[in-house]
Amino acid sequence: MNRRDFLKTSGSFALAASLAELAFLPAARAQGEAPWFFVQIAITGGWDITLGADPWLTALPDQRDMYIEYNPSDIARIGNIAFGPSMLPIKNYASRLCVVNGVFLSPSDNGHGAAERYMQSGSTNQSWGDFGVEVLETRPAELMGVATNSSVYLGVRGQLVTQLGNVPSFMNGSSAPFQSSQNDRNLISRIEAGLAGSAQKLKTLKDIVEMFKQQGSNVGDLHHLAGLFGAGLSQIGVLSFNENLDTHAAHPGTHLAQQTKAWEKVAEVFDLFSKVEVNGSGQSLLDRTTFMITSEFSRTAALNTSNGKDHNPLTNSVVLLGPRIKGGTTIGGSNLVTHAQSKTGSSYHIASPIDPATGLPTRVREGARIIRPENVAATLIESLGISRKRFASVPDQTLSLSKWALK
Amino acid sequence: MKLAISILLLTMALGLHSQASFRGGYKSPQDLLLSLKEKFNGISGSSCDSLSDNDRAAMGDQNMQTGEPFADEPGAAFVTVWSTCLNNYSYNLFYSTDTSPELLAKRTQIVREIMAPLLAGVVDEQVLKAMTTVMVPASEAEREAYIAHLMRWVLGTDEEIQAYGRMTDPKQYRQDLMRHVFPPGVSAYAMEGTRQALLILLKRDEFLMYQ
């Protein structure tokens with residue numbers, strides 16, 4: 001039963017309001033365990049994975065086949081993860097990260113929207129919402145629902161969405177709601193009275209935001225997300241970082257700088273989450289949060305005639321971090337097919353099949369598997385401890401990568 | 001012909017879209033924003049001049065996948081979005097530092113309407129300055145009359161308010177609101193209390209619902 005069904009069934013707002021405090025409690029906490037959180041981050045525009053999660057590691061390629069702007073021997077390797085130059089801002093978190101390379105979307109480019117939906121949900125069915133929305137469908141919703149700095153794709157779902165930009169007015173407006181002594185049936189007054197009933201959570205939110213201010217932070221959306229999580233007002237975040245990565249022209253230099261900015265923002269989220277303790281548990285938000293970081297697709301291997309790189313749905317990468325994610329891990333990989341090898345005469349960069357026994361790229365086709373977004377989604381469902389049968393958007397027989405990606 | 005049919009279908013779709021709202025007589029997101037813009041004389045509502053899809057969903061817009069509103073009635077998400085819009089409009093009205101003549105004229109006109117009982121005799125050129133220094137009336141009767149004026153400006157007459165069946169005793173409500181925004185015994189400038197009263201009144205069902 002989702003939140004909407006629950007409200008329908010309860011039949012009255014008053015009953016719903018009286019039960020609201022129960023609903024705010026995440027399932028795990030209701031069972032006496034500390035809560036967990038989920039954040040999906042989309043670095044929009046289409047990143048160049050050779051500059052990030054899937055850098056070129058062997059001898060410099062022929063630039064007609066693949067353009068790279070670094071010396072492969074300079075690539076930092078920490079654990080089993082190779083950090084392309086743009087991804088260096090998160091290298092301090094290497095021991096917590098799992099990189100999934102060679103994620104195949106489609107044989108041809110279907111544009112930003114379709115690819116974004118697929119990467120963000122693990123499904124090509126437009127009925128399903130973003131992965132975080134589907135996660136929320138499996139559990140009691142908190143007061144603020146899904147928190148976002150941009151927009152959330154809901155599909156057929158009716159989940160609450162809170163814009164992080166609205167959090168300051170929520171904090172300021174909920175401290176002393178006006179209540180008239182006459183018999184008032186005004187709905188908003190009753191909702192505000194219910195919010196005031198969450199005074200302790202509001203206080204915690206304000207305390208966390210104040211802590212960031214005192215640490216010299218210029219408080220913004222990311223701080224408010226950490227505040228909402230720390231206060232128990234939300235457990236699901238959907239973030240979008242747009243750094244103009246769609247470099248169909250003038251790729252060299254530009255894309256690397258922009259993509260680095262995006263990873264710096266991801267690092268900022270990790271840093272902020274590491275500073276907020278969850279309910280006196282001795283653990284930080286970072287310890288309790290599972291992250292999925294994606295972009296809608298990668299970029300073609302070689303430069304086009306405008307010195308740009310176009311959309312490449314043949315291979316992509318996903319970066320995971322979370323309490324059950326096996327850190328320092330890389331799964332899958334990709335291949336460069338040179339212009340000389342290609343039937344079209346143009347080079348291309350494509351996901352490599354993996355050996356299902358090892359999770360490593362293989363050239364043996366028999367029994368090999370191609371990783372697709374739904375395999376990553378299936379892995380995340382298992383990492384969050386959600387029953388595969390309850391998760392509608394990813395069929396429960398879909399192969400997960402848990403054997404290699406989870407502790 | 002195909003073009004004409006396409007335009008007709010598109011018009012119908014847009015028409016249906018604009019009619020989407022919560023159940024129970026609440027205005028559609030589009031009409032709510034229009035009502036607010038009209039109240040504030042067309043000044044900017046900042047981020048609320050064009051709401052995101054998610055904010056529109058929180059305000060009762062329909063899910064295009066199902067044709068149903070995302071929620072049956074306003075909830076916490078609605079309060080958050082609507083409060084943000086009210087804050088935006090009220091700050092832009094009372095605290096804007098933009099000195100463009102067009103905006104100053106709009107603000108002057110609307111502030112004169114809202115604070116009319118306190119700004120009698122003030123010439124237009126002085127309205128925006130006077131609004132920052134005019135004091136809350138000393139007598140309780142004057143304060144209550146001022147609150148009654150604000151209620152009329154936002155919600156209508158007592159009879160119109162009571163027709164919605166939400167407020168049983170408008171006089172009691174006025175007195176409670178007066179004590180909330182202009183606490184007795186406190187001498188203060190009237191502007192912030194006025195703004196707070198507007199924020200409360202504009203969250204009333206009598207403003208949020210169709211008649």
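Student: Which hand does the disulfide of C48(B) and C85(B) have, and why?
Tutor: In this predicted model, the torsion about the S-S bond of C48(B) and C85(B) is about -90°, so the disulfide is left-handed.

Student: What is the S to S distance there?
Tutor: The sulfur atoms of C48(B) and C85(B) are 2.0 Å apart.

Student: And where do the two cysteines sit in chain B?
Tutor: C48(B) belongs to the loop between α2 and α3 (53-58) of chain B, whereas C85(B) is part of helix α4 of chain B. The two residues are 37 apart, and the pair links distant parts of the chain.

Student: How many disulfides are there over all chains?
Tutor: The count comes to 1 disulfide over all chains.

Student: Let us step back to the fold. How many helices and strands does chain B have?
Tutor: Chain B has 11 helices and 0 strands. Its pattern along the sequence is accordingly written α-α-α-α-α-α-α-α-α-α-α.

Student: What box do its C-alpha atoms fill?
Tutor: Along the principal axes, the C-alpha atoms of chain B fill a box of roughly 65 × 45 × 25 Å.

Student: Which domains are assigned to chain B?
Tutor: The domain assignment gives domain 1, covering 19-94, and domain 2, covering 135-208. Taken over C-alpha atoms, the centres of these two domains of chain B are separated by 23 Å.

Student: How many residues does each domain of chain B give to the contact?
Tutor: Domain 1 of chain B provides 15 residues and domain 2 of chain B provides 13 residues.

Student: How much area do the two domains bury between them, and on what atoms?
Tutor: Domain 1 and domain 2 of chain B bury about 1,400 Å² between them, with 70% of it on carbon and sulfur atoms. On the side of domain 1 of chain B, the residues that lose the most area to domain 2 are Y26(B), K39(B) and F94(B), which together account for 44% of what that side buries.

Student: What about salt bridges and polar contacts between the domains?
Tutor: Between domain 1 and domain 2 of chain B the count is 0 salt bridges. There are, however, 8 residue pairs in polar contact across that interface, both residues of each being at pLDDT 80 or more.

Student: Which elements of domain 1 give two or more residues to that side?
Tutor: They are α2 (29-39) and α4 (76-94) of chain B. α4(B) gives the most to the side of domain 1 that touches domain 2, with 8 residues. By class, the residues of that side of domain 1 of chain B divide into 9 nonpolar, 4 polar and 2 charged.

Student: New topic: the contact with chain A. How many residues does each chain give?
Tutor: Chain B gives 41 residues and chain A gives 39 residues. The two chains bury about 3,100 Å² between them, 52% of it on carbon and sulfur atoms. In chain B, N54(B), Q65(B) and F70(B) lose the most area to chain A, together 19% of what that side buries.

Student: How many salt bridges cross it?
Tutor: There are 2 salt bridges across the interface of chain B and chain A. One salt bridge pairs E192(A) with K203(B), whose closest N and O atoms are 2.6 Å apart. The interface of chain B and chain A also has 16 residue pairs in polar contact, with both residues at pLDDT 80 or more.

Student: Which helices of chain B give two or more residues to that side?
Tutor: They are α3, α4, α9 (170-181) and α11 (205-208) of chain B. The largest share of the side of chain B that touches chain A, 9 residues, comes from α4(B). That side of chain B has 15 nonpolar, 14 polar and 12 charged residues.

Student: And how many salt bridges over all chains?
Tutor: The whole structure has 23 salt bridges over all chains. Among them is the pair D287(A) and R96(A), with the closest N and O atoms 3.0 Å apart. D287(A) lies in helix α11 (residues 285-288) of chain A and R96(A) in the loop between β3 (81-83) and β4 (97-100) of chain A, so the pair ties together parts that are 191 residues apart in sequence.

Student: One last residue. Where is S96(B) found, and what does S96(B) touch?
Tutor: S96(B) is in the loop between α4 and α5 (101-114) of chain B. Leaving out residues up to four places away in sequence, S96(B) touches Y91(B), L103(B) and R107(B). The C-alpha atoms of S96(B) and R107(B) are separated by 9.2 Å, the residues being 11 apart along the chain. A polar atom of the S96(B) side chain lies 3.1 Å from the backbone nitrogen of D98(B).

How values were computed:
Residues are numbered from 1 along each chain as its sequence is written. Chains are lettered from A and ligands numbered from 1 in the order in which they are written. Side-chain values use heavy atoms; hydrogens and water are left out. Domain bounds come from an automatic or database domain assignment. Contact means heavy atoms within 4.5 Å. Buried area is the accessible area (1.4 Å probe) that two parts lose on being put together, summed over both. A salt bridge is a side-chain nitrogen of Lys or Arg within 4 Å of a carboxyl oxygen of Asp or Glu. A polar contact is a pair of N or O atoms within 3.5 Å; within protein, one must be able to donate a hydrogen and the other to accept it, and residues adjacent in sequence count only if both atoms are side-chain atoms. Helices (H or I, at least four residues) and strands (E, at least two) are DSSP runs, numbered from the N terminus. Ala, Val, Leu, Ile, Met, Phe, Trp, Tyr, Cys and Pro count as nonpolar, Asp, Glu, Lys and Arg as charged, and the others, Gly among them, as polar. A disulfide is a pair of cysteine sulfur atoms within 2.5 Å.
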